[in-house]
Amino acid sequence: MAEGRGSSLVHLLVIVLSLIAFGFSIAAERRRSTGTLHDDTVTNRTYCVYTSDVATGYGVGAFLFLLSGEALLMGVTKCMCFGRPLSPGSNRAWTIIYFISSWLTFLVAEACVVAGAKQNAYHTKYRDMLLAENFSCETLRKGVFVAGAVFIVANMILNVYFYMYFTKATTQPAHKTTRTSSNIGMAGYA
């Protein structure tokens with residue numbers, strides 16, 4: 001392992017888990033439930049019939065893979081709170097910036113895929129046609145899982161940079177200042 005590069009296995013696992021979560025999120029978008037109106041002539045009711053609910057499972061899969069990738073990285077880096085301290089400098093600053101950005105994109109991505117999975121699972125089964133002129137079946141809005149996929153990719157990139165700068169900040173020694181003299185120069189009173 002080169003100085004300050006980090007483990008290639010950790011990089012690979014974070015990327016693979018994020019790409020799997022991305023794939024699940026795109027698959028969930030493509031397999032969203034759609035509803036069609038059907039009339040029941042016996043009871044004089046109109047109801048919605050939905051296609052398969054597989055997108056909810058894909059959304060949950062995206063959630064779990066993204067969560068496992070983030071948990072792996074936070075476990076390896078000890079969430080930046082425990083373990084070796086970060087040496088002062090630009091690497092520490094970039095580590096903190098990427099850490100915060102990574103968590104923000106992680107939370108947004110998880111919110112998108114969880115909200116998409118929940119909303120996709122919710123269906124309206126029966127409604128009377130009385131006073132309902134523009135009756136339509138409730139479905140998940142387009143783009144919720146795509147937004148999650150975009151934030152999953154952004155999270156993956158930020159995680160890679162976070163880990164790279166984290167290893168640089170923990171492996172480089174702290175720089176000590178060298179002074180030419182240990183005396184403090186003082187001017188006399190005039």
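Before we look at the chain, one definition: helices here are DSSP runs of H or I covering at least four residues, strands are DSSP runs of E covering at least two, and both are numbered from the N terminus. Please keep in mind throughout that what we have is a predicted model.

With that definition in hand, take residues 9-28, where the chain is 100% helix and 0% strand, with the end C-alpha atoms 28 Å apart. The stretch 144-166 is likewise 100% helix and 0% strand, and there the end C-alpha atoms are 32 Å apart. I chose these two ranges from the UniProt record, an unreviewed entry, which places the feature "transmembrane region" at residues 9-28, 55-76, 96-117 and 144-166, and I would add the caution that such annotations may be inferred rather than shown by experiment.

Let me now step back to the whole chain. It holds four helices and three strands, and from the N terminus on the elements run α-β-β-α-α-β-α. Of its 190 residues, 33% count as buried, while the chain exposes about 12000 Å², of which carbon and sulfur atoms supply 64%. Among contacts with a separation of 6 or more, 81% are between residues 24 or more positions apart.

Helix α1 spans residues 8-30, and Val-16 lies within it. Together with Leu-9, Leu-12, Leu-13 and Ile-20, Val-16 makes a nonpolar surface patch of about 410 Å². Is Val-16 buried, exposed or partly exposed? Its relative accessible area is 37%, so Val-16 counts as partly exposed, since that class runs between 20% and 50%.

Next, the salt bridge, and the count in this model comes to one. As general background, side chains of opposite charge can pair when their charged atoms come close. Here the partners are Glu-29 and Arg-32, whose closest N and O atoms are 3.3 Å apart. Both ends are covered: Glu-29 counts as buried because its relative accessibility is 13%, and Arg-32 counts as buried because its relative accessibility is 16%.

Arg-32 also brings us to Leu-140, which sits in the loop between β3, residues 126-127, and α4, residues 144-171. Which residues does Leu-140 contact, once its neighbours within four places in sequence are left aside? They are Arg-32, Gly-116, Gln-119, Asn-120 and Phe-145. Asn-120 is 20 residues away from Leu-140 along the chain, yet their C-alpha atoms are separated by 5.3 Å. Leu-140 has a relative accessibility of 5%, and therefore counts as buried.

Turning to the strands, β1 at residues 35-40 and β2 at residues 45-50 run antiparallel and are joined by six bridges. Within this pairing, His-38 stands opposite Tyr-47 in β2. Four residues lie between the strands of the hairpin, where Asn-44 takes a positive phi near 55°.

That last value leads to my final point, for which the background is that most residues other than glycine have a negative phi. Where else does a positive phi turn up in a residue other than glycine? Cys-79 is one such residue, with phi near 55°, and its place is in the loop between α2, residues 54-76, and α3, residues 90-121. Cys-79 counts as partly exposed because its relative accessibility is 26%. Met-80 is not a glycine either and has a positive phi of about 65°, and Met-80 too is found in the loop between α2 and α3.

Terms used:
Residues are numbered from 1 along each chain as its sequence is written. This is a predicted model: local features need pLDDT of at least 70, side-chain atom pairs count only at pLDDT 80 or more; totals for chains, interfaces and linings use all residues. Side-chain values use heavy atoms; hydrogens and water are left out. Patches are made of residues with over 30% relative accessible area and no salt bridge: like charges are joined within 9 Å, nonpolar side chains (Val, Leu, Ile, Met, Phe, Trp, Tyr) within 5 Å. Accessible areas come from the Shrake-Rupley method with a 1.4 Å probe; for residues, only the protein chains shown count as cover. A salt bridge is a side-chain nitrogen of Lys or Arg within 4 Å of a carboxyl oxygen of Asp or Glu. Buried means under 20% relative accessible area, exposed over 50%, partly exposed in between (1.4 Å probe, protein chains only). Two strands pair if DSSP finds at least two bridges between them. Contact means heavy atoms within 4.5 Å.
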